[in-house]
Amino acid sequence: SALVVLISGSGSNLQAIINAIKAGRLNARIAAVISNRADVYGLQRATDAGIPTVTLDHTRFDSRPAFDQALQAQIDGFEPDLVVLAGFMRILTPDFVRHYAGRMLNIHPSLLPLYKGIHTHRRVLEDGGHEHGVSVHFVTPELDGGPVIIQAKVPVLPSDTEQSLAQRIQEQEHIIYPRAIQWFVEGRLKLEGNQAMLDGQAL
Ligand code: GRF
């Protein structure tokens, strides 16, 4: 299977996917990595792994739809089976999301449906929560609202800072994202209506 991975930053999830492919845990190839920001470390990771990269600077477009149309054209040029959002920090238009219905995944650092949006670690700490986590989900037009595929939980410790919590969460991200992608590659994971299905069973 061919993947296109979209990033905006450090790309540690991209690295986890690259590593899973190298280790034979994920039977896919990354056709391209696309970033909306130049000079991010994720692009270097891709180049180091011999993966083609594209930078599409959203600030050079007049509107969100114009950016999304250009992004879609870039992605579709690589003919991916699956689009993987890995720290891609842009809100996507409904037309774009519909075009990739059932073939686009995102990872979000919270136990969805809790804490949609940004600054999840900070908000969990502010709320005095004892549990936090990360979710992989199908992308649907509602921001961070698509059907959840897999989650990992982590405890929130009294000593935690935003950074220590983020680090504990990221370790889990790097485990569950390649796993979910492999399920998709194996044809075991599907979106049916607004329901994620694994091996024909509702998740
Ligand atoms: C991750 O925490 C992910 O959950 C969120 O953005 C971050 C991306 O990190 N959506 P990285 O670029 O993969 O290191």
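This passage describes the fold of the chain, the pairing of its strands and the surroundings of its ligand.

The model discussed here is a predicted one. Its chain is built from six helices and ten strands. A compact globule of 203 residues would be expected to have a radius of gyration near 17 Å, and the chain, with 16 Å, agrees with that. The C-alpha trace extends over about 45 × 40 × 35 Å along the principal axes. Of the 203 residues, 35% are buried. Among contacts with a separation of 6 or more, 65% link residues that are 24 or more positions apart.

Strand pairing gives a convenient way into the fold. Strand S1, residues 2-7, pairs with S4 in the parallel sense through four bridges; within this pairing, valine 4 has valine 83 of S4 as its bridge partner. S4 in turn runs parallel to S5, with three bridges between them. Here leucine 85 is matched with asparagine 106 of S5, a residue that returns below.

A second arrangement is found in an open sheet of three strands, ordered S8-S9-S10 and paired in the antiparallel sense. Strands S8 (189-192) and S10 (201-202) are at the edges with a single partner strand each, so one side of each has no neighbour in the sheet. Strand S9, residues 195-198, is joined to S10 by two bridges, and methionine 197 finds its bridge partner in alanine 202 of S10.

Attention now turns to the ligand. Its shell holds 15 residues, and the closest are Ser10, Ser12, Asn13, Gly87 and Pro109. Helix H1 (12-22), strand S5 (104-108) and helix H6 (162-185) are the elements that each supply two or more residues to this shell. By residue class, the shell comprises nine polar, five nonpolar and one charged residue.

The UniProt record, an unreviewed entry, carries a "binding site" annotation over Gly11, Ser12 and Asn13. Glycine 11 lies in the loop between S1 and H1. It counts as buried because 23 C-beta neighbours fall inside 10 Å. Setting aside residues up to four places away in sequence, glycine 11 touches Val40, Tyr41, Gly42, Arg45, Ala86 and Gly87. Asparagine 13 belongs to helix H1 and is likewise buried, with 23 C-beta neighbours inside 10 Å. With the sequence neighbours up to four places away again left out, the contacts of asparagine 13 are Ala86, Gly87, Ile107, Glu173, His174 and Tyr177. Ala86 and Gly87 thus appear in the contact lists of both glycine 11 and asparagine 13.

The "binding site" annotation in the unreviewed UniProt entry also covers Arg64, Met89, Arg90, Ile91, Leu92 and Asn106. Two of these residues can be placed in more detail. Arginine 90 sits in the loop that connects strand S4 (82-85) with helix H4 (94-99). It is partly exposed, as 17 other C-beta atoms lie within 10 Å. Beyond residues up to four places away in sequence, arginine 90 touches Asn36 and His58. Asparagine 106, by contrast, is part of strand S5 and is buried, with 24 C-beta neighbours inside 10 Å. Apart from neighbours within four places in sequence, asparagine 106 is in contact with Leu85, His137 and Val139. Leu85 is therefore both a contact of asparagine 106 and, as noted for the S4 and S5 pairing, its bridge partner.

Conventions. Residues are numbered from 1 along each chain as its sequence is written. This is a predicted model: local features need pLDDT of at least 70, side-chain atom pairs count only at pLDDT 80 or more; totals for chains, interfaces and linings use all residues. The radius of gyration is taken over C-alpha atoms; the globule rule is 2.2 Å times the number of residues to the power 0.38. A residue is buried if 20 or more other C-beta atoms lie within 10 Å of its own, exposed if 12 or fewer, and partly exposed in between; C-beta atoms are placed from the backbone. Two residues are in contact if their C-beta atoms, placed from the backbone, lie within 7 Å. Two strands pair if DSSP finds at least two bridges between them. A residue is near a molecule or strand if its C-beta atom, placed from the backbone, lies within 6 Å of it. Ala, Val, Leu, Ile, Met, Phe, Trp, Tyr, Cys and Pro count as nonpolar, Asp, Glu, Lys and Arg as charged, and the others, Gly among them, as polar. UniProt positions are given in the numbering used here, feature names are shortened, and annotations may be inferred rather than shown by experiment.
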